[in-house]
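These exercises ask you to read side-chain pairs and confidence values from a model, working in steps. Try each task on the display before you turn to its solution.

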Amino acid sequence: MAEDSEAEKTEPASEQRLRKAREEGDVPRSREVATFTVLMAAGAGLYIFGTTMARQLSATLASGLSLTREQAFDMDVLGHRMLADVVQVLITFLPLGLAVMLVAIASPVLVGGWLFTANGFMPKFGKLNPMKGLANMVSKNALVELVKAIIKTIIVGAVAYMVVMRYKDAIFGLPAEPANEGYAHMLDMLAMSFLILVGSLGFIAMIDAPYQMWHYANKMKMTRQEMIQESKESDGNPQIKGKIRQMQREMARRRMMQDVPTADVVVTNPTHYAVALKYADGSKGAPKVVAKGTDAVAAKIRELAKENKVAILEAPALARALHKHTDIGDEIPQRLYAAVAEVLAYVYQLRAYRPGGHYPDRPTKLDVPPDMDPNTATPKP
């Protein structure tokens, strides 16, 4: 129905949808909160341990320069002294480093919580599309980030000016202080100035965290039809689900010719096989097969592709492997990711090509495992 096709996402996300998104690594995150907490931990650590660190570094420097004439020309002594000084410097910075590391590990709990998933290591074919990158530059999120950057610049700049004016006299008086006291005083001022500047970012973090939560909830909303479909799938028994999937596959086969014009590329054998691939920008999964066939069906797919200006690439081994190991609506097998990535990269380069530029080189050696090509696979005994 028209109402269903034009329905807007007005329903809150279900627990199942949120759980699935979390399994795929999609959770709300606030970079401003993470940045603020880590920098605040570094500033606090510098303020707490600054005086002690200054004294230890000063003692290490004095020790490194306290050499007799014989020691200064003895490479063994210099080597041992340098190693000891490096270890002492690392020990000096260890409390500060540990504090920052612990806060960095704990900060995701504030927005989104801890998340460990392998989906972040899966290839994202959409990143090969330059048009998507251009679209992201003028998106609503890009505008929000620009506004945040401007506000941060104004706030930090104003606070930095006030800090400089506050410590101006003390800074000019540092050369008159004894060395040890001057180092400690300088570190105290640096730590306090750093804390004040980072504290000014807390205002941005307090705004960004609720915004990211709202933005994520709005993104995860569902249409009413999606709610009904999810309820049917979750309440149905395995036999009904299997029957539904079978009907969906049959419907997909009947309408695959209608989907050919929407494909990104048609991979051919060149005459016996044809497989149409489509990759949806922003999709978490891999490219899908929207149409496939042999002989007369393959010829029809190629004809529709030419009429609708869909790229056609002759890659016999890849076409045979895709036809053998996928069905309509299936994602491509993981072992063919590399080969399909080269094909999509070539297609995106064709779309971006302008007369006078370098015409994209057609991929000729695609990484197709021999055992996936029915013409080269060794039969099992």
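**Exercise 1: A pair across the sequence**

Lys 152 has a relative accessible area of 26% and is therefore partly exposed, where under 20% counts as buried, over 50% as exposed and the range in between as partly exposed (1.4 Å probe, protein chains only). This is a predicted model, in which local features need pLDDT of at least 70 and side-chain atom pairs count only at pLDDT 80 or more, while totals for chains, interfaces and linings use all residues. Residues are numbered from 1 along each chain as its sequence is written, and side-chain values use heavy atoms, with hydrogens and water left out.

Task: which residue meets the side chain of Lys 152 in a salt bridge at 3.3 Å, N to O?

Solution. Begin with the rule: a salt bridge needs a side-chain nitrogen of Lys or Arg within 4 Å of a carboxyl oxygen of Asp or Glu. With Lys 152 on one side, the partner is Glu 32, at 3.3 Å from N to O. Next, place the two residues: Lys 152 belongs to helix 7 (residues 140-172) and Glu 32 to helix 3 (residues 31-65), so the pair ties together parts that lie 120 residues apart in sequence. The helices are DSSP runs (H or I, at least four residues; strands are E, at least two), numbered from the N terminus. Finally, check the surroundings of the partner: Glu 32 has a relative accessible area of 11%, which means that it is buried.

**Exercise 2: Two further salt bridges**

Task: are Arg 320 and Asp 373 buried or exposed, and where do Asp 371 and Arg 335 lie?

Solution. Start with Arg 320, which forms a salt bridge with Asp 373, their closest N and O atoms being 2.7 Å apart. This pair links distant parts of the chain, since Arg 320 sits in helix 12 (residues 316-325) and Asp 373 in the segment after helix 13 (337-352), 53 residues apart. Both of these residues, Arg 320 and Asp 373, are buried.

Now turn to Asp 371 and Arg 335, whose side chains meet in a salt bridge at 2.9 Å, N to O. Asp 371 is in the segment after helix 13 and Arg 335 in the loop between helix 12 and helix 13, 36 residues apart, and here too distant parts of the chain are linked. Asp 371, with a relative accessible area of 45%, is partly exposed, and Arg 335 is partly exposed at 46%. A last step looks at shared partners: Glu 32, Lys 148, Lys 152 and Asp 208 are joined by their salt bridges into one network.

**Exercise 3: Aromatic pairs**

Task: how many aromatic pairs are there?

Solution. Rings of Phe, Tyr and Trp (its six-membered ring) pair if their centres lie within 6.5 Å, and planes under 30 degrees apart count as stacked, over 60 as edge-to-face and the rest as tilted. By this rule there are two aromatic pairs. One of them joins Tyr 211 and Trp 214, with 6.0 Å from centre to centre and 35 degrees between the planes, and it is tilted. Both residues are in helix 8 (residues 179-219), three residues apart, about one turn of the helix. Another is edge-to-face: Tyr 353 and Tyr 359 are 5.0 Å apart, centre to centre, with 75 degrees between their planes. Tyr 353 is partly exposed at 27% relative accessible area, and Tyr 359 is partly exposed at 46%.
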